[in-house]
Amino acid sequence: MDTKELLKKVRKIEIKTRRLSDHIFGGEYHSTFKGRGMTFSEVRQYQFGDDVRNIDWNVTARYNEPFVKVFEEERELTMMLMVDVSGSELFGTQQQFKNEIVTEIAATLAFSATQNNDKIGLILFSDKVELYIPPKKGRSHVLRIIRELIEFKPESKQTNIAEALKFLSNVMKKKAIVFVLSDFIADDYKQTMKIVSGKHDVTGIRVYDKCEEEIPNLGMVQMQDEETGELMLVNTSSKTVRRNYGKFYQEKVDYYTEAFTKSGAGIINCRVDQSYVKKLLGYFKRRG
């Protein structure tokens, strides 16, 4: 992709996702992810109903009447976008590939965070961390993230979610809002997920195509595994083949649901032919 075409794509995504974050998500995002703590700002006289634990005993003793500490919410947060760039993300039978939807969702979340003056970082992962952009503020930083999401070429096509989560734990010492965007055709990340969501506010966003859920009956078909590159002839008219595939797929979905919900993390399921706007809004509203 040449530079001109890339900039055009970045601009197109910015216009679409920025409008969404300005009109819809800014306020929802703010109320869903409130500041992580409180900072002491001033004292005032005690009023009926105030929490007695906030009484400032030094000031109270000096003036011989009760004074309480007033706290302000620490608003500034850090959002980390963790995006799966493995081979299976290039799948798509509808109008858009999964990775295109992932880019739009990530951009919408990033602009929503920017409105609240929060920092945004990016981790692109396959079976290893392919790219890490440390958290920073501002529009130009978000545009860099979008640019990477559009044109980044991963070295590996495989997936290892646990590896990416371990990396996050190492680089993020303070609590962050974490969105993991993937199709979650993976396993062996339950334990790591538990550790990470104990420290961070984690949400998994599963982006999938409805044609992945079951194989249609098309007779003998040559298929390629996007992650391993392996070519194979598959008899899609066989009920056993279709049933086994459906079982395999459902096991991965169940594993994802359990790994996230049991560790206290949130989940969003986004099918590429459905509105991710509604999914995100519904999630923010439920949590807000």
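Me: Let a salt bridge be a side-chain nitrogen of Lys or Arg within 4 Å of a carboxyl oxygen of Asp or Glu; what makes K16 and E104 such a pair?

Reply: The N to O distance between the side chains of K16 and E104 is 3.0 Å, and the pair therefore meets the cut-off just stated. This salt bridge links distant parts of the chain, since K16 belongs to helix α1 and E104 to helix α3 (residues 98-115), with their positions 88 residues apart; helices here are DSSP runs of H or I with at least four residues, strands are runs of E with at least two, and both are numbered from the N terminus. The coordinates are a predicted model, in which local features need pLDDT of at least 70 and side-chain atom pairs count only at pLDDT 80 or more, while totals for chains, interfaces and linings use all residues. Residues are numbered from 1 along each chain as its sequence is written, and side-chain values use heavy atoms, with hydrogens and water left out.

Me: Why is E104 called buried, and how is K16 classed, buried or exposed or partly exposed?

Reply: A residue is buried under 20% relative accessible area, exposed over 50%, and partly exposed in between, with a 1.4 Å probe and protein chains only. E104 has a relative accessible area of 8% and is therefore buried, whereas K16, at 37%, falls in the middle class and counts as partly exposed.

Me: How do you know that D50 and R44 form a salt bridge, and which classes do D50 and R44 fall into?

Reply: Their side chains meet with N and O 2.8 Å apart, which satisfies the salt-bridge rule. D50 has a relative accessible area of 17% and is therefore buried, while R44, at 30%, counts as partly exposed.

Me: What makes E212 and K98 a salt bridge, and where in the chain do E212 and K98 lie?

Reply: The closest N and O atoms of E212 and K98 are 2.5 Å apart, a distance that passes the same rule. The pair joins distant parts of the chain, E212 in helix α7 (residues 210-213) and K98 in helix α3, 114 residues apart. Both partners count as buried, because E212 has a relative accessible area of 8% and K98 one of 0%. In addition, R11, E14, R18 and R139 are joined into one network by salt bridges that share partners, and the count over the model comes to 15 salt bridges.

Me: Why is the group that includes K12 called a patch of positive charge?

Reply: A patch takes residues with over 30% relative accessible area and no salt bridge, joining like charges within 9 Å and nonpolar side chains (Val, Leu, Ile, Met, Phe, Trp, Tyr) within 5 Å. Lys and Arg count as positive and Asp and Glu as negative, with His and the chain ends not counted. The place of a Lys charge is taken as NZ, and areas come from the Shrake-Rupley method. By these rules K4, K8, K9, K12 and K153 gather in a surface patch of positive charge. K12, in helix α1 (residues 3-32), has a relative accessible area of 64% and is therefore exposed.

Me: How do you know that T17 makes a polar contact with I13, and is T17 buried or exposed?

Reply: A polar contact is a pair of N or O atoms within 3.5 Å; within protein, one must be able to donate a hydrogen and the other to accept it, and residues adjacent in sequence count only if both atoms are side-chain atoms. The side chain of T17 reaches the backbone oxygen of I13 at 2.7 Å, inside that limit. T17 lies in helix α1 and is buried, because its relative accessibility is 0%.

Me: What makes T236 buried, and which backbone atom lies 2.7 Å from its side chain?

Reply: T236 sits in the loop between β9 (231-235) and α8 (239-262), and its relative accessibility of 0% is why T236 counts as buried. A polar atom of the T236 side chain lies 2.7 Å from the backbone nitrogen of L218.

Me: What is the phi of N64, and why is N64 called exposed?

Reply: Phi of N64 is near 60 degrees, a positive value in a residue other than glycine. N64 is found in the loop between α2 (57-63) and β2 (67-74), and its relative accessible area of 73% makes it exposed.

Technical notes. Accessible areas come from the Shrake-Rupley method with a 1.4 Å probe; for residues, only the protein chains shown count as cover.
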